[in-house]
Amino acid sequence: MVTIATLGSHCALQVLKGAKDEGFRTLVVTQKRREKFYRRFKFIDDFLVLDKFADITKPKNIAFLKKRGSIIIPHGTLISEVGIEKVENELDVSIFGNRHILRWEADRELKDRLTREANLRSPKTFSSPDKIDRLVIAKLPGAKGGLGYFLANDEKSYWKNVKELQKKGIIDKKTPIFIQEYVVGVPVYFQYFYSPLKKELEFFGIDRRYETTVDGIGRIPAEHQKGLLPSYIVVGNIPLVLRESLLEEAYQMGERFVKAVEKHVPPGMIGPFCIEGIYNGDAEFVTFEYSARIVAGTNLYIAGSPYFSLIYDEPMSMGRRIAREIKDAKKSLNKLLT
Ligand code: AMP
């Protein structure tokens, strides 16, 4: 028996709906307070109810998942709530995708390295605040939706913000802060799926994020904007299609990324990933982030995406695409067994 399992958050609904559409049993790992919410959805067969997500690695929970032949679909909440150490060393359950690349996503320095290896144009990074010579964005570790990010244009404004965050208890003296050039332009998020079975890159869709308060500041007059600190907490996603003349480059970037992962993070890219960046004033794409797993922006396209409609003649969400790959892999294996 194979059960497709995921943490109840982020993109769980489309992952489990897609898995059900492909004929799998489904399981949600949910926190007690969200159990009632997930029980609304009939395509979820099994529930593992926990006080907190980090408890997933307790032996009895691992046994529960293993007994059902679970394959976990990792997403941002697995990284932010369970943590990379536990995912690597204690989560003794199959994960769809390359478990090792999750570290390359969680660790900013590694992330930066892979971006460069994939030859993706990237913003300048600053090793210490005294080197800041332009507008920068300072980022905290983990995929927590941009909570606590701040802008600064010199060392003084950097420390002012750091003190503020320390006072609020969001960071402490040891929190590593990643300082990156702020790219002015429009943010765009490219969503891909790499199929190791077909050895093919599929372009799925594009979104942009709706972030508070940064997307709200433009709604008030400039005189009232002064002194307001933008925050970058994602509250939702907005669909986007690209000028067709820019699409080819989006494919090329995805292909270079897959190649870099193959070289540096064996066994290479498996399944969904996202390249995140900004088209600057010269309409050049500058990559500031990637996610080496499904992103929540794919929730936009549960009934199929504009670009998957060009590949598939049926509604194909990212969740369903993942389940399809697992199903195809099972079929190939069955062909070898008698
Ligand atoms: P991240 O957590 O890196 O995805 O960033 C959260 C948000 O911060 C993004 O969606 C952007 O709005 C913004 N952002 C991150 N990095 C940059 C950058 N280098 N330049 C401009 N905006 C950025």
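## Exercises on a predicted model

P267 sits in the loop between α11 (244-264) and β13 (271-280). In these labels, helices (H or I, at least four residues) and strands (E, at least two) are DSSP runs, numbered from the N terminus. The model is predicted, so local features need pLDDT of at least 70 and side-chain atom pairs count only at pLDDT 80 or more, while totals for chains, interfaces and linings use all residues. Residues are numbered from 1 along each chain as its sequence is written, and side-chain values use heavy atoms, with hydrogens and water left out.

**Exercise 1.** Find what is unusual about the backbone at P267, T213 and H10.

*Solution.* Start with a general rule: most residues other than glycine have a negative phi, and most peptide bonds are trans.
- Step 1: the bond from P266 to P267 is cis, with omega near 5°.
- Step 2: T212 and T213 are also joined by a cis peptide bond, where omega is about 10°. T213 belongs to strand β11 (residues 200-213).
- Step 3: H10 is not a glycine, yet its phi is positive, at about 65°. You will find H10 in the loop between β1 (3-7) and α1 (12-21).

**Exercise 2.** Describe how domain 2 and domain 3 meet.

*Solution.*
- Step 1: locate the parts. Domain 1 covers 3-95, domain 2 covers 106-120 + 184-335, and domain 3 covers 125-181; these bounds come from an automatic or database domain assignment.
- Step 2: take the C-alpha atoms of domain 2 and domain 3; their centres are 25 Å apart.
- Step 3: look for contacts (heavy atoms within 4.5 Å). Here 12 residues of domain 2 touch 14 residues of domain 3.
- Step 4: find the buried area, which is the accessible area (1.4 Å probe) that two parts lose on being put together, summed over both. For domain 2 and domain 3 this is about 1100 Å², with 54% from carbon and sulfur atoms.
- Step 5: see which elements take part. On the domain 2 side, α7 (108-117), β12 (232-240) and β14 (285-291) each supply at least two residues. The most come from α7, with 4 residues.
- Step 6: sort that side of domain 2 by class: 6 residues are nonpolar, none polar and 6 charged. Ala, Val, Leu, Ile, Met, Phe, Trp, Tyr, Cys and Pro count as nonpolar, Asp, Glu, Lys and Arg as charged, and the others, Gly among them, as polar.

**Exercise 3.** Count the salt bridges, then follow one of them through the chain.

*Solution.*
- Step 1: apply the rule, a side-chain nitrogen of Lys or Arg within 4 Å of a carboxyl oxygen of Asp or Glu.
- Step 2: the structure holds 29 salt bridges, and 0 of them cross the interface of domain 2 and domain 3.
- Step 3: one of the pairs is E22 with R320, at 2.6 Å from N to O. Because E22 lies in the loop between α1 and β2 (25-31) and R320 in helix α12 (residues 318-336), this pair ties together parts that are 298 residues apart in sequence.
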